[in-house]
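I open this notebook to keep a record of what I looked up, in the order in which I looked it up. The entries go from the overall fold to single residues.

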Amino acid sequence: LSLASVTQPAEPFVPDPRAPTLRPFQPKCLRDQVLTIGKNCTHVEGAIAFVDISGFSALTHTLSQGSKGAMLLSKYINDYLSLLIEVVYGHEGDIVSFAGDAFLALWASGTSAAEQRQPVVRATECSLALQAKFNHYQVPGTSVVLKIHIGVSYGSFLGFLIEGSARRLYLLAGRPLLTIGDAVNAATSGQVVLTGAA
């Protein structure tokens with residue numbers, strides 16, 4: 001064993017996404033529609049919901065006054081997101097990505113004609129459930145209230161598995177992602193707005 005082999009930096013470890021232990025942490029659309037067929041790009045059709053949360057900035061400001069602010073901020077945000085994600089999973093949705101104080105959920109369509117519009121129903125029902133349960137959510141121990149507004153759209157996407165030396169990303173691309181921003185912006189706190197495609 002040479003000194004060079006000991007001191008040489010190790011290659012980044014990227015776990016195999018097909019490993020059973022990683023399945024709970026992967027979007028179903030990635031697992032079922034990309035990994036199982038061995039493609040880095042595939043067609044996905046379904047409904048998406050973009051859930052935008054307001055109040056995190058106020059929460060950050062409030063908690064910054066204390067010595068444990070960073071720890072509490074992480075806890076409260078994670079706890080709140082966990083509640084929202086549980087509702088999405090309960091409505092057979094899938095979390096595709098997070099973007100700051102928002103996340104994107106997907107309901108993929110089935111193969112039969114009868115199943116193709118079901119994702120819009122599920123996405124809308126889920127969005128209404130999120131509003132009913134967790135809009136105007138007061139963060140424990142603070143006066144901060146978290147609010148959500150949601151846009152829903154439907155259409156065709158390309159799902160990309162992008163692989164680097166140290167990480168893998170699953171991304172969606174498609175026209176519904178361009179139009180859902182208008183729906184989210186049109187929705188006020190407590191509202192769910194559907195695009196014309198939905």
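The entries below deal with the fold, the cores, a helix pair, the salt bridges and a few backbone details.

**Entry 1: overall fold**

I note at the outset that this is a predicted model. I counted the secondary structure and found 6 helices and 7 strands in the protein, and reading from the N terminus I wrote down the order of elements as α-α-β-α-α-β-β-α-β-β-β-α-β. I then looked up burial, and of the 198 residues in the protein, 38% are buried. For the contacts between residues at least 6 apart in sequence, I found that 65% join residues at least 24 apart.

**Entry 2: the nonpolar cores**

I looked next for the largest nonpolar core, which has 33 residues, and the residues with the most contacts inside it are Leu-59, Tyr-80, Val-88, Phe-103 and Leu-130. The elements that contribute two or more residues to this core are three helices and three strands by name: strand E1 (41-54), helix H3 (56-63), helix H4 (69-90), strand E3 (102-108), helix H5 (118-134) and strand E5 (145-163). Helix H4 supplies the largest share of this core, with 9 residues.

I also found a second core, separate from the one above, with 10 residues that include Val-96, Leu-104, Phe-157 and Ile-180.

Which residues does Val-88 contact once its neighbours within four places in sequence are left aside? I listed Gly-93, Asp-94, Ile-95, Phe-103, Ala-105, Trp-107, Cys-126 and Leu-130.

**Entry 3: helix H5 and its packing on H4**

I checked the length of H5, whose 17 residues should span 24 Å at 1.5 Å a residue, and since its end C-alpha atoms are 24 Å apart, the two values agree. Going through the burial of its residues, I noted that Pro-119, Val-120, Ala-123, Thr-124, Cys-126, Ser-127, Ala-129, Leu-130, Gln-131 and Phe-134 are buried in H5.

I then turned to the pairing of the two helices: H4 and H5 pack with their axes 9 Å apart and at an angle of about 145°, and their crossing is right-handed. On the H4 side the residues that meet H5 are Tyr-80, Leu-83, Leu-84, Val-87 and Val-88, and on the H5 side they are Cys-126, Ala-129, Leu-130, Lys-133 and Phe-134. Tyr-80, Val-88 and Leu-130 are also among the residues with the most contacts inside the largest core.

**Entry 4: salt bridges**

How many salt bridges does the structure hold? I found 2.

In one of them the side chains of Lys-75 and Asp-79 meet at 2.6 Å, N to O. Both residues lie in helix H4, 4 residues apart, which is about one turn of the helix. Lys-75 counts as partly exposed because its relative accessible area is 45%, and Asp-79, at 32% relative accessibility, is likewise partly exposed.

The side chains of Arg-122 and Glu-92 also meet in a salt bridge, at 3.5 Å, N to O. This pair links distant parts of the chain, with Arg-122 in helix H5 and Glu-92 in the loop between H4 and strand E2 (94-99), 30 residues apart. Arg-122 is partly exposed at a relative accessible area of 27%, whereas Glu-92 is exposed at 54%.

**Entry 5: positive phi values**

I looked up the backbone with one rule in mind, namely that most residues other than glycine have a negative phi. Glu-92, although it is not a glycine, has a positive phi of about 65°. His-136 is another residue other than glycine with a positive value, its phi being near 55°; this residue comes just after H5, in the loop between H5 and strand E4 (137-138). Is His-136 buried or exposed? I entered His-136 as exposed, because its relative accessibility is 51% and the cut-off for exposed is over 50%.

**Entry 6: Gly-196**

My last entry concerns Gly-196, which is found in the segment after strand E7 (192-194). Gly-196 is exposed, with a relative accessible area of 83%. I also looked up its separation from Pro-176, which is 20 residues away along the chain, and noted 9.9 Å between the C-alpha atoms of Gly-196 and Pro-176.

Definitions and conventions
Residues numbered from 1 in each chain as written. Predicted model: local features only at pLDDT ≥ 70, side-chain atom pairs only at ≥ 80, totals over all residues. Heavy atoms only, no water. Core = buried A, V, L, I, M, F, W, Y, C linked by side-chain atoms within 4.5 Å. Buried < 20%, exposed > 50% of the residue type's maximum accessible area, 1.4 Å probe, protein only. Contact = heavy atoms within 4.5 Å. Expected span 1.5 Å × (residues − 1). Salt bridge = Lys/Arg side-chain N within 4 Å of Asp/Glu carboxyl O. Axes fitted to C-alpha atoms, helices over the stretch in contact; angles between N-to-C directions. Left-handed = near helix turned anticlockwise from the far one by under 90°.
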